[in-house]
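Please open the structure in your viewer, show it as a cartoon, and keep the selection tool at hand. The tour goes from stop to stop, and at each one you will be told what to select and what is there.

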Amino acid sequence: MIETLAGPKAEVEDLSASALLALARDRKAAEDRAAADLLEVAARWADLHPPESIHTAAVFSDGGRYGLEHEEPIAGEGCPAVAEFCIAELGAVLGISSTSAKRLIGHALELRHRLPRLWAQVQAGQVPAWRARTVAEATIHATPSLTMEAARWVDTQVASVAARVGPAQLDRLVAETIKRHHLDTSDATSDPNDGWQHVDPRHATLHAEDVHYAGTMRFEAELDIADAFDLDRALAHGAETLKALGSQAPLDARRSAALGDLARTQTALDLHAQGSTAARSEDGLPAAREVVLHAHFDTGLDGLETVFGPTGRLEEGQRLVLLEQVKGWCRVSRTKVTVKPVIDLNAELSAPGYDIPDRIREQVILRDRTCVFPWCTRPARACDIDHVIAYDHDAAAEGRTQPGPTVSSNLAPECRWHHRLKTHTAWRYEVTGIGIYEWTSPHGHRYRRDRTGTTRISGAADDAAPPGRP
């Protein structure tokens with residue numbers, strides 16, 4: 001403890017090298033202990049909220065706007081189910097998204113019920129919680145799914161190396177488990193090479209969460225051999241063309257740019273254009289698929305000239321974008337640029353009925369940017385637009401004033417999951433200013449959400465002292 005090391009009023013700057021190392025070790029141990037405790041809390045929270053306590057069981061959804069196309073269990077076979085809406089409150093008090101809270105609870109249940117040796121090691125301080133959660137993530141989402149017996153076998157194998165197991169070793173272990181427990185339903189006897197034909201490694205993956213400060217993203221692909229050679233030749237040709245046109249960029253940068261050009265023009269389709277009814281441009285090339293990006297820049301006046309700021313915000317992913325990048329995109333002849341008039345985000349727009357016109361929807365999207373539930377980051381353009389105070393469809397017929405009119409100040413974007421949570425549970429929120437919302441959870445915790453993010457509001461529930469660990 002810092003008090004033990006250097007007295008109650010000592011500053012870190014006053015500590016010796018040995019004392020700093022001792023303090024670092026102490027704080028890391030405390031961090032690991034807290035992470036283990038949090039897993040225990042998450043598991044107990046799940047115990048208190050079985051599906052029948054509130055609503056349906058929690059699942060992982062990987063669907064479209066309505067989140068119903070694909071669902072995965074929160075933990076593996078043999079773990080108890082959890083009421084779906086209880087997850088939001090735990091996530092809110094932890095300052096994380098509902099998806100992250102769902103993953104935390106899933107990992108806790110997986111460890112406690114299917115990986116008991118690893119769970120015991122975490123609680124004993126022998127294995128960091130983050131390592132154990134890596135193993136739990138692998139066993140929950142293994143394909144095909146692991147049975148309870150298979151998960152216990154992984155637990156046994158990992159127990160002796162859990163403190164140092166790496167991703168590659170874990171992948172091999174899960175693959176061996178699937179084979180050992182005969183979980184793969186494919187017919188290996190029909191494949192002379194032990195099943196390799198049943199695994200298609202091809203993929204093309206954009207790592208959109210990993211954005212370089214220079215405004216680039218990583219794109220990774222595994223191609224058929226012939227496709228790979230064809231793409232390599234196309235990029236080599238594109239890089240040489242850019243060089244001939246005066247580009248001074250390095251070869252790799254020109255190859256990267258050529259890949260973008262290829263995506264925009266889809267010149268490979270020209271080989272099969274004869275007899276095609278697809279729309280074509282004036283240059284004879286197939287019409288590129290449209291990719292819409294919404295870039296927002298602050299502007300000012302320099303005399304009579306409009307001046308744009310050097311950086312703006314890309315609505316997709318809430319990322320910064322450089323003005324020079326946008327200028328570069330606009331210089332490409334096949335880029336379509338649409339400039340929309342500025343929308344006054346502070347104006348009070350209204351509509352007479354329940355339906356929300358496009359002009360009001362766009363204003364709400366630009367004003368709030370994301371789902372307005374605490375800590376949620378789902379883009380507003382993919383959200384429902386909710387009437388904060390519910391619209392009364394019978395008010396006009398019964399001669400009453402409409403309590404929830406379709407006006408800017410009574411509308412907010414909510415992702416479908418949080419929209420359902422607001423509708424079917426005791427979560428409530430109110431508008432306290434333009435684009436400012438105050439939420440109250442079923443247990444009385446309060447949060448303020450605005451364009452800058454989420455902050456906690458002190459209240460009786462927040463001020464209650466948590467019990468100490470025995």
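**First stop: strand S15 and its sheet**

Begin by selecting S15, where four of the five residues are buried, so this strand is largely enclosed by the rest of the structure. Keep in mind throughout that what you are looking at is a predicted model.

Now widen the selection to the sheet around S15, an open sheet in which four strands follow the order S14-S15-S16-S17 with antiparallel pairing. Which strands stand at the edges? They are S14 (428–433) and S17 (453–457), each of which has a single partner strand, so one side of each is left without a neighbour in the sheet. If you look along the sheet, you can see how neighbouring strands are turned against each other, by 25° on average when direction is ignored. As you show the side chains, remember that in a regular strand they alternate between the two faces of the sheet.

Select S14 together with S15 (residues 436–440), and you have a pair that runs in the antiparallel sense over five bridges; within this pair, Val431 stands opposite Tyr437 in S15. The two strands form a hairpin with two residues between them, and Gly435 in the turn has a positive phi of about 70°.

On the other side of the hairpin partner, select S16 (residues 446–450), which pairs with S15 in the antiparallel sense over four bridges. Here Trp439 has Tyr447 in S16 as its bridge partner. S15 and S16 also form a hairpin, this one with five residues between the strands, and Gly444 in the turn has a positive phi of about 90°.

**Second stop: helix H12**

Next, select residues 358–368, which make up helix H12; eight of its 11 residues are buried, so the helix is largely enclosed by the rest of the structure. The buried residues include Ile360, Val364, Ile365 and Leu366, and Glu362, Arg367 and Asp368 are also among them. Move one step past the end of the helix to Arg369, which follows H12 and has a positive phi, near 70°.

**Third stop: helices H4 and H6**

Two packed helices are described by the angle between their axes and the distance between the axes. Select H4 (residues 98–114) and H6 (residues 129–140), which pack at an angle of about 85° with their axes 9 Å apart. Angles of 65 to 115 degrees count as roughly perpendicular, and H4 and H6 are therefore roughly perpendicular to each other.

To see where the helices touch, show the side chains of Arg103, Leu104, Gly106, His107, Glu110, Leu111 and Arg114 in H4, which meet Ala132, Arg133, Ala136, Glu137, Thr139 and Ile140 in H6. The residues of this contact divide into five nonpolar, three polar and five charged. When you follow the H4 side of the contact, it helps to know that an α-helix has 3.6 residues a turn, so residues three or four places apart point the same way.

Stay in H4 and centre the view on Glu110. Is Glu110 buried or exposed? With a relative accessible area of 0%, Glu110 is buried. Leaving aside residues up to four places away in sequence, Glu110 touches Ala75, Gly76, Cys79, Leu115, Ala136, Thr139 and Ile140. One of these, Gly76, has its backbone nitrogen 2.8 Å from a polar atom of the Glu110 side chain.

**Fourth stop: Pro80**

Select Pro80, whose place is in the loop between strand S2 (71–73) and helix H3 (86–94). Pro80 counts as partly exposed, at 32% relative accessibility. Not counting residues up to four places away in sequence, Pro80 touches Leu109 and His113. Add Pro51 to the selection: Pro80 and Pro51 are 29 residues apart in sequence and 9.2 Å apart in space, from C-alpha to C-alpha.

**Fifth stop: helices H2 and H5**

Select H2 (residues 17–47) and H5 (residues 116–123), whose axes come within 9 Å and cross at roughly 130°. That makes H2 oblique to H5. At the contact, Arg33, Ala36, Leu39, Glu40 and Ala43 in H2 meet Trp119, Val122 and Gln123 in H5, and these residues divide into five nonpolar, one polar and two charged.

**Last stop: the whole chain**

Finally, zoom out until the chain fills the view, with its 14 helices and 17 strands. Of its 470 residues, 33% are buried.

Terms used. Residues numbered from 1 in each chain as written. Predicted model: local features only at pLDDT ≥ 70, side-chain atom pairs only at ≥ 80, totals over all residues. Heavy atoms only, no water. Axes fitted to C-alpha atoms, helices over the stretch in contact; angles between N-to-C directions. Parallel < 35°, antiparallel > 145°, perpendicular 65-115°, else oblique. Contact = heavy atoms within 4.5 Å. Nonpolar A, V, L, I, M, F, W, Y, C, P; charged D, E, K, R; others polar. Buried < 20%, exposed > 50% of the residue type's maximum accessible area, 1.4 Å probe, protein only. Polar contact = N/O pair within 3.5 Å; in protein donor to acceptor, adjacent residues only side chain to side chain. Pairing = 2+ DSSP bridges.
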